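Visitor: I've got the model up on my screen and could use a hand reading it. Can we walk through it together?

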Amino acid sequence: MSVQEERSFEGILKRLLEEARGQFPELDTREGSLIYSALAPAAVELERLYVALQVSLEMSYADTASREYLIRRAMERGIRPLEASSAVIEAAMEPEDVPLGLGTRFRAGTVIYAVSGWSGDDSPLLTAESAGAIGNQSGGRLTPVDLVEGLRSASIRALAVPGRDVEETEAFRRRYLESRRAESFGGNIAAYREKVLAVAGVGGVQVTPTPEGPGTVGIRILGADFSPPSATLIAAVQEILDPPESSGAGSGWAPIGHRVTVNGALAVSVFVSADLTLESGADMAAVRGAALAVIEAYFLELREAWDQGERMVVRVSQVDTRLLDVRGVLDVADTTLNGQRGNLLLQEAEVPELSGLVLWSE
């Protein structure tokens with residue numbers, strides 16, 4: 001009998017009845033008897049107790065704990081889930097010299113943004129009032145909520161700092177387990193990763209020790225949307241770690257003597273083409289739209305794994321597999337990446353971005 005069967009109602013009741021017969025052989029223990037009726041409720045409660053003990057055991061280990069108990073476990077090491085952060089957009093005003101005050105509010109879709117500062121070229125930076133990825137807009141019209149004298153038009157020029165949602169349970173679990181494998185202290189690689197990933201707007205980080213000799217540290221980051229970061233986000237992380245005006249002096253988080261250089265991951269445009277065999281009656285426009293979505297999803301998966309330390313490979317086999325999952329596609333042939341057959345091997349600092357998709361069909 002397996003452990004699960006032993007802890008079931010039937011298994012528990014069987015053992016209780018066997019014990020009763022062993023002590024008092026003359027007793028009637030058949031179903032419906034007095035002894036059976038007395039022991040059955042106890043077996044139900046013992047089964048529930050075993051279930052509760054199993055749940056308690058699972059909640060005590062980080063790899064099986066629910067979010068509530070995982071957070072409590074991680075707090076023993078001072079680690080908490082990353083909170084949602086607000087997106088920051090760079091705006092374009094017409095005319096450019098229209099007077100704006102801090103806190104001036106604009107709307108884009110359902111999101112309200114407020115002026116929170118200015119970029120290096122004096123473009124206004126607006127922070128979303130709603131935290132999370134909902135504010136990650138890289139284009140579109142801005143409608144003033146507050147009166148702005150002389151304003152003719154306003155639009156989003158770029159996403160400066162991506163917003164992020166509350167850290168998901170599985171991502172938090174991976175981060176906690178990683179903290180157990182690599183102890184964070186004194187400016188080592190684990191400490192830099194932990195500090196940079198906690199910065200609002202950062203979704204991935206690579207740390208390169210001594211890229212330019214002793215005392216130098218190279219940091220490359222991805223935005224929270226797993227796209228190459230803006231100059232604004234790079235500058236913000238640089239200021240936190242090692243301000244340029246006092247590099248190596250310990251003015252930021254980096255220890256004294258560490259000269260830190262922050263850069264962004266580099267986007268590599270990937271043009272995909274493939275020859276498809278479609279089912280009879282399949283709509284090519286619908287197939288193309290679905291194919292674009294699945295290839296974008298594949299590239300996003302690659303970018304999400306960028307900071308794991310291995311050189312990224314865009315695989316033809318994966319592209320073919322994703323295309324075959326599209327409704328209406330029977331077969332895929334002659335797939336190329338940037339005009340070449342075979343996998344595309346990227347450098348450590350590079351991430352793929354889909355620049356185009358051409359599909360042929362018989």
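Visitor: Which residues of H8 are buried?

Guide: Keep in mind that this is a predicted model. Buried here means under 20% relative accessible area. In H8, the residues that meet that cut-off are Met-284, Val-287, Ala-291, Ile-295, Tyr-298, Phe-299, Leu-302 and Arg-303.

Visitor: Why do they sit on the same side of H8, and what arc do they cover?

Guide: Look around the helix axis at those buried residues of H8. They are on the same side of H8 because they cover an arc of only 145°.

Visitor: What do the buried residues of H8 pack against?

Guide: They have both strands and a helix as partners. The strands are S8 (216-223), S10 (266-278), S11 (313-314), S12 (329-337) and S14 (350-361). The helix in that list is H9 (316-324).

Visitor: How far does H8 reach from its first C-alpha to its last?

Guide: H8 runs over residues 284-304, so 21 residues at 1.5 Å a residue give an expected 30 Å. The model comes out close to that, with a reach of 30 Å.

Visitor: Zooming out, what radius of gyration does the protein have?

Guide: For 362 residues, a compact globule would come in near 21 Å. The C-alpha trace here spans about 100 × 65 × 55 Å along its principal axes. The protein's radius of gyration is 29 Å.

Visitor: And what share of the residues is buried?

Guide: The same under-20% cut-off applies. Over the 362 residues of the protein, the buried share is 40%.

Notes. Residues numbered from 1 in each chain as written. Predicted model: local features only at pLDDT ≥ 70, side-chain atom pairs only at ≥ 80, totals over all residues. Heavy atoms only, no water. Helix = DSSP H or I, 4+ residues; strand = E, 2+ residues; numbered from the N terminus. Buried < 20%, exposed > 50% of the residue type's maximum accessible area, 1.4 Å probe, protein only. Arc of directions from axis to C-beta. Contact = heavy atoms within 4.5 Å. Rg over C-alpha atoms; globule rule 2.2 N^0.38 Å.
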